[in-house]
Amino acid sequence: TALCRAAVACRERVRERLLEAKKSVGTVPQQFFEDAAAELSAAMLRRGEEAEPPNADDAYREAVEALSAAVEEFATRLRSPAADKFAACDALRGMLRQLGVSS
């Protein structure tokens, strides 16, 4: 789904930026995380506008809800200055793997 692609892309951008900052002994501005969270929020809104596939079953709906919850949690952690961003990336990656998405 588009939300899945947005989540994977955002997680990769955040993780890459964190690794770059770690290598250069720098920091990532909180605004970067705020912008990333805003992009995810926009993707969540668009998900609500997407038509459900005609063959969607309960398992599909449950997977979409689990992904939505994981993305929402990731966005919340990105917005929190005190949150461990690496841990947030790892948690989202774990959920994506549970759903069978390679990231």
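Is Cys 89 buried or exposed? Cys 89 is buried, with a relative accessible area of 0%. Welcome to this predicted model, where we will start with a pair of helices, move on to the nonpolar core, and then visit the cysteines and a handful of individual residues. Helix H1 covers residues 2-23 and helix H2 covers residues 30-49, while helix H3 spans 58-79 and helix H4 spans 85-98.

**How H1 and H2 pack**

- The axes of H1 and H2 come within 9 Å, and they cross at roughly 175 degrees.
- That crossing makes H1 roughly antiparallel to H2.
- On the H1 side, the residues that meet H2 are Leu 3, Ala 6, Ala 7, Cys 10, Arg 13, Val 14, Arg 17 and Leu 18.
- On the H2 side, their partners are Phe 32, Phe 33, Ala 36, Glu 39, Leu 40, Ala 43, Met 44 and Arg 47.
- Sorted by class, this contact of H1 with H2 holds 12 nonpolar residues, 4 charged residues and no polar ones.

**The nonpolar core**

- As a general backdrop, nonpolar side chains tend to be buried together in soluble globular proteins.
- In this model, the largest nonpolar core has 26 residues.
- Which residues touch the most other members of that core? They are Val 14, Phe 74 and Leu 78.
- H1, H2, H3 and H4 each supply at least two residues of this core.
- H1 gives the most, with 8 residues.
- Val 14 is a good residue to look up in the 3D view: leaving aside its neighbours within four places in sequence, Val 14 is in contact with Phe 32, Phe 33, Ala 36, Phe 74, Leu 78 and Cys 89.
- Two of those partners, Phe 74 and Leu 78, are themselves named with Val 14 as touching the most other core members.

**The cysteines**

- A disulfide is a covalent bond between the sulfur atoms of two cysteines.
- How many disulfides does the model have? The count comes to 0.
- Why is Cys 4 not bonded to Cys 10? The sulfur of Cys 10 is the closest cysteine sulfur to that of Cys 4, but it is 13 Å away, too far for a bond.
- Cys 4 counts as buried because its relative accessibility is 12%, under the 20% cut-off.
- Cys 89 is in no disulfide either, and its nearest cysteine sulfur, that of Cys 10, is 7.9 Å away.

**Buried residues in the helices**

- Ser 68 has its place in helix H3, and at 5% relative accessibility Ser 68 counts as buried.
- Not counting residues up to four places away in sequence, Ser 68 touches Leu 3, Met 44 and Arg 47.
- Those three partners of Ser 68 also appear among the residues through which H1 and H2 meet.
- Leu 67 is found in helix H3 and counts as buried, with a relative accessibility of 5%.
- Beyond its neighbours within four places in sequence, Leu 67 is in contact with Thr 1, Leu 3, Cys 4, Leu 96 and Leu 99.
- The C-alpha atoms of Leu 67 and Leu 92 are separated by 8.8 Å, with the two residues 25 apart along the chain.
- Ala 21 is found in helix H1 and is buried, with a relative accessible area of 9%.
- Ala 21 is in contact with Gly 26, Thr 27 and Val 28, again leaving aside neighbours within four places in sequence.

**Exposed and partly exposed residues**

- Where does Val 25 sit? Val 25 has its place in the loop between H1 and H2.
- Val 25 counts as exposed, at 75% relative accessibility.
- The phi angle of Val 25 is near 55 degrees, which is a positive value in a residue other than glycine.
- Asn 55 lies in the loop between H2 and H3 and counts as exposed, at 67% relative accessibility.
- Asn 55 and Ala 37 are 18 residues apart along the chain, and their C-alpha atoms are separated by 31 Å.
- Glu 34 is found in helix H2 and counts as partly exposed, at 29% relative accessibility.
- Glu 34 and Thr 1 are 33 residues apart along the chain, and 23 Å separates their C-alpha atoms.

Technical notes:
Residues numbered from 1 in each chain as written. Predicted model: local features only at pLDDT ≥ 70, side-chain atom pairs only at ≥ 80, totals over all residues. Heavy atoms only, no water. Axes fitted to C-alpha atoms, helices over the stretch in contact; angles between N-to-C directions. Helix = DSSP H or I, 4+ residues; strand = E, 2+ residues; numbered from the N terminus. Parallel < 35°, antiparallel > 145°, perpendicular 65-115°, else oblique. Contact = heavy atoms within 4.5 Å. Nonpolar A, V, L, I, M, F, W, Y, C, P; charged D, E, K, R; others polar. Core = buried A, V, L, I, M, F, W, Y, C linked by side-chain atoms within 4.5 Å. Buried < 20%, exposed > 50% of the residue type's maximum accessible area, 1.4 Å probe, protein only. Disulfide = S-S within 2.5 Å.
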